[in-house]
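Have the viewer ready and follow the stops in order. Each one says what to select and what to look for.

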Amino acid sequence: MKLVRQFLDLPNDSKVKTYGVALLLCLVCSVAVSAAAVALKPVQDENKLLDKKKNILQIAGLAKPGQSVEEAFKQVEAKVVDLQTGAYAEGIDANTFDARAASVDPKQNLVLTKEQDIASIKRRAKYATVYLVKDPQGQVQKIILPIHGYGLWSTLHGFIALQGDANTVVGLGFYEHAETPGLGGEVDNPQWKDKWSGKQVFDANGSLAIRVTKMAATEGEKATHEIDAISGATLTSNGVHNLVKFWMGADGFGPYLQKFRNGGGA
């Protein structure tokens, strides 16, 4: 108490008193911010999950006016997939599995070689969560897959939705990125996203054929697989092409989609 009294008795223009008050203010603010962050974390996590569900519903064309996100999401079943085998993983809760956290855990990730890493993500989790939309008879109508990869300035995180044939695109969208507004940021443009609907990921031989390219074909076999690149955003377009190619390919969901088409993915 004596030291406190001596401190308070110092002149207001004293450097010691000025620095002391500033330090005390910083400590109080730091404690307040830390306490708020801890107290609000459950709310933040809940809002993140709600936003994730909302994006899944929108990309899959399941969002309906007047229907809550939780109500609409009841028709969606989440499952965890072993990306190496394409089989559903046992003993992993799809509701709590965090692929982002797993991707930086040496025990849960796969470090990609330069040849594999066309999406420029360096490593991926060994498992991933897929979302299945089933009809009342239990038949899968749509498959929603998480995808991510590097564009021009940022890693784009989103989803691609396929029909129950595990081949026809329903929709594609990104919920997180930092691409240039008006250029690469046009990945959010509904008109560009609409161009993905109905495209085929694989050709008649089962080979990966979907691609983002300049002057996409408008008729013939190529037209079923090609999407016009974003004007003025070549590097972002290339990034989207590469990340879709990666996640639909052998090092992504390729084994799962092949198993699904062969009747083993319901």
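Select strands S6 and S7. In this predicted model, the two strands form a hairpin with five residues between them. Pick alanine 166 in the turn: its phi is positive, about 60°. S6 and S7 pair in the antiparallel sense, over six bridges.

Now find two pairs across this hairpin. Phenylalanine 159 stands opposite glycine 173 in S7. Alanine 161 faces glycine 171, again in S7.

Are these strands enclosed or open to the outside? In S6, seven of the nine residues are buried, so this strand is largely enclosed by the rest of the structure. In S7, six of the eight residues are buried, so S7 too is largely enclosed by the rest of the structure.

**Next: one strand back**

Add S5, residues 140–150. S5 and S6 make a hairpin with four residues between them. Their pairing is antiparallel and runs over nine bridges. Select proline 146. Its bridge partner in S6 is phenylalanine 159. That is the residue that stands opposite glycine 173 in S7. Show proline 146, phenylalanine 159 and glycine 173 together, and you can step from S5 through S6 to S7.

**The whole sheet**

Now add S1 and S4. Which order do the five strands take in the sheet? They run S1-S4-S5-S6-S7, in an open sheet with antiparallel pairing. S1 (76–82) and S7 (169–176) stand at the edges. Each has a single partner strand, so one side of each is left without a neighbour in the sheet. Look along the sheet to see the twist, which averages 25° from one strand to the next.

Zoom in on the S1 edge. S1 pairs with S4 (residues 127–134) in the antiparallel sense, over seven bridges. Pick alanine 78 for an example: its bridge partner in S4 is tyrosine 131.

While side chains are on display, keep one general rule in mind. In a regular strand the side chains alternate between the two faces of the sheet.

**The helix across the sheet**

Select H6, residues 234–248. Which strands does H6 lie across? They are S5, S6 and S7, and H6 runs at about 125° to S5.

Check the length of H6. At 1.5 Å a residue, its 15 residues should span 21 Å. The end C-alpha atoms are 21 Å apart, which agrees.

Colour the helix by burial. Among the buried residues of H6 are Thr236, Gly239, Val240, Leu243, Val244 and Trp247. The list also includes Ser237, His241, Phe246 and Met248. A general point helps in reading such a pattern. An α-helix has 3.6 residues a turn, so residues three or four places apart point the same way.

Go to threonine 234, which lies in H6. An unreviewed UniProt entry lists Thr234 for "modified residue: FMN phosphoryl threonine". Is this threonine buried, partly exposed or exposed? Threonine 234 is partly exposed, with a relative accessible area of 37%.

**Another threonine**

Move to threonine 213, in strand S8 (residues 211–213). Threonine 213 is buried, at a relative accessible area of 15%; the cut-off for buried is under 20%. What touches it? Leaving aside neighbours within four places in sequence, threonine 213 is in contact with Glu226, Ile227, Asp228 and Ala229.

**Out to a loop**

Select lysine 107. It is found in the loop between helix H4 (99–103) and strand S2 (109–111). Lysine 107 is exposed, with a relative accessible area of 74%. Then pick lysine 126. The two lysines, 107 and 126, are 19 residues apart in sequence and 9.1 Å apart in space, C-alpha to C-alpha.

**Last: zoom out**

Show the full chain. It has seven helices and nine strands. Of its 266 residues, 38% count as buried. Turn on the surface: the accessible area is about 15,500 Å², with 55% belonging to carbon and sulfur atoms. Finally, show contacts between residues at least 6 apart in sequence. Of these, 52% join residues at least 24 apart.

Methods: Residues are numbered from 1 along each chain as its sequence is written. This is a predicted model: local features need pLDDT of at least 70, side-chain atom pairs count only at pLDDT 80 or more; totals for chains, interfaces and linings use all residues. Side-chain values use heavy atoms; hydrogens and water are left out. UniProt positions are given in the numbering used here, feature names are shortened, and annotations may be inferred rather than shown by experiment. Buried means under 20% relative accessible area, exposed over 50%, partly exposed in between (1.4 Å probe, protein chains only). Contact means heavy atoms within 4.5 Å. Accessible areas come from the Shrake-Rupley method with a 1.4 Å probe; for residues, only the protein chains shown count as cover. Two strands pair if DSSP finds at least two bridges between them. Axes are lines fitted to C-alpha atoms, for helices over the stretch in contact, and angles run from 0 to 180 degrees between N-to-C directions. The expected span of a helix is 1.5 Å times one less than its number of residues.
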